[in-house]
Amino acid sequence: MKKTLFICLLLAAAFSMQSCSTHRTAINDLEALVNKVEKNGTKYTLEDWENVISRCAKIEKRLQEHEYTTEEYKEIGTLKGRLAGFVTKEALTKSVKTVIDFKEQLGG
């Protein structure tokens, strides 16, 4: 009887740990993606950016499957803001560079 109870408690603990890890996994994946983009994003090709967009969509879908605390929502918002800021900065930088290159070609 005690052995059966112990096994049931052990299984319950294992399942609760697993649910916590999946609860947090989407946030961790988003953080890893943001860090990777901030580190390597200046070298990304169009295909790389398409992969980033695809990964963002998958992470967003997983984020919507769980309930989060206020602190976790703040963390998610901060990560999304960092990613959006970097993408915007890169887009503007590349646009300005394209305009400058075009202007130089017209002048040449």
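Of the 108 residues in the protein chain, 19% count as buried, a figure that belongs to a predicted model. The secondary structure of this chain amounts to three helices and zero strands, and reading along the sequence gives the pattern α-α-α. Among the contacts in the chain with a separation of 6 or more, 74% join residues that are 24 or more positions apart.

The packing of two of these helices can be followed in some detail. Helix H2 spans residues 46–63 and packs with H3 at an angle of about 160°, the two axes lying 13 Å apart. Because angles over 145 degrees count as roughly antiparallel, H2 and H3 are placed in that class relative to each other, and their crossing is left-handed. On the H2 side the contact is made by Trp49, Cys56, Glu60 and Leu63, which meet Ile76, Lys80, Leu83, Phe86, Val87, Glu90 and Lys94 of H3. Sorted by character, the residues of this contact comprise seven nonpolar and four charged, with no polar ones.

One of the charged residues deserves a separate look, namely Glu90, which lies in helix H3, a helix that covers residues 70–107. Is Glu90 buried or exposed? With a relative accessible area of 9%, Glu90 falls under the 20% limit and is therefore buried. When its neighbours within four places in sequence are left aside, Glu90 is in contact with Gly41, Thr42 and Trp49, and Trp49 is also among the H2 residues that meet H3.

Trp49 leads on to the aromatic rings. A pair of aromatic rings is described by the distance of the centres together with the angle of the planes. By the rule that ring centres must lie within 6.5 Å, the count comes to two aromatic pairs. In the pair of Tyr44 and Trp49, the ring centres are 5.2 Å apart and the planes stand at 70°, so the arrangement is edge-to-face, given that angles over 60 degrees are assigned to that class. Tyr44 and Trp49 are both buried.

The other pair is formed by Tyr68 and Tyr73, which is edge-to-face as well, with 5.7 Å from centre to centre and 80° between the planes. How do the accessibilities of its members, Tyr68 and Tyr73, turn out? Tyr68 has a relative accessibility of 9% and so counts as buried, whereas Tyr73, with a relative accessible area of 44%, is partly exposed, because this value lies between the 20% and 50% limits.

Notes
Residues numbered from 1 in each chain as written. Predicted model: local features only at pLDDT ≥ 70, side-chain atom pairs only at ≥ 80, totals over all residues. Heavy atoms only, no water. Phe/Tyr/Trp six-rings, centres within 6.5 Å; stacked < 30°, edge-to-face > 60°. Buried < 20%, exposed > 50% of the residue type's maximum accessible area, 1.4 Å probe, protein only. Helix = DSSP H or I, 4+ residues; strand = E, 2+ residues; numbered from the N terminus. Contact = heavy atoms within 4.5 Å. Axes fitted to C-alpha atoms, helices over the stretch in contact; angles between N-to-C directions. Parallel < 35°, antiparallel > 145°, perpendicular 65-115°, else oblique. Left-handed = near helix turned anticlockwise from the far one by under 90°. Nonpolar A, V, L, I, M, F, W, Y, C, P; charged D, E, K, R; others polar.
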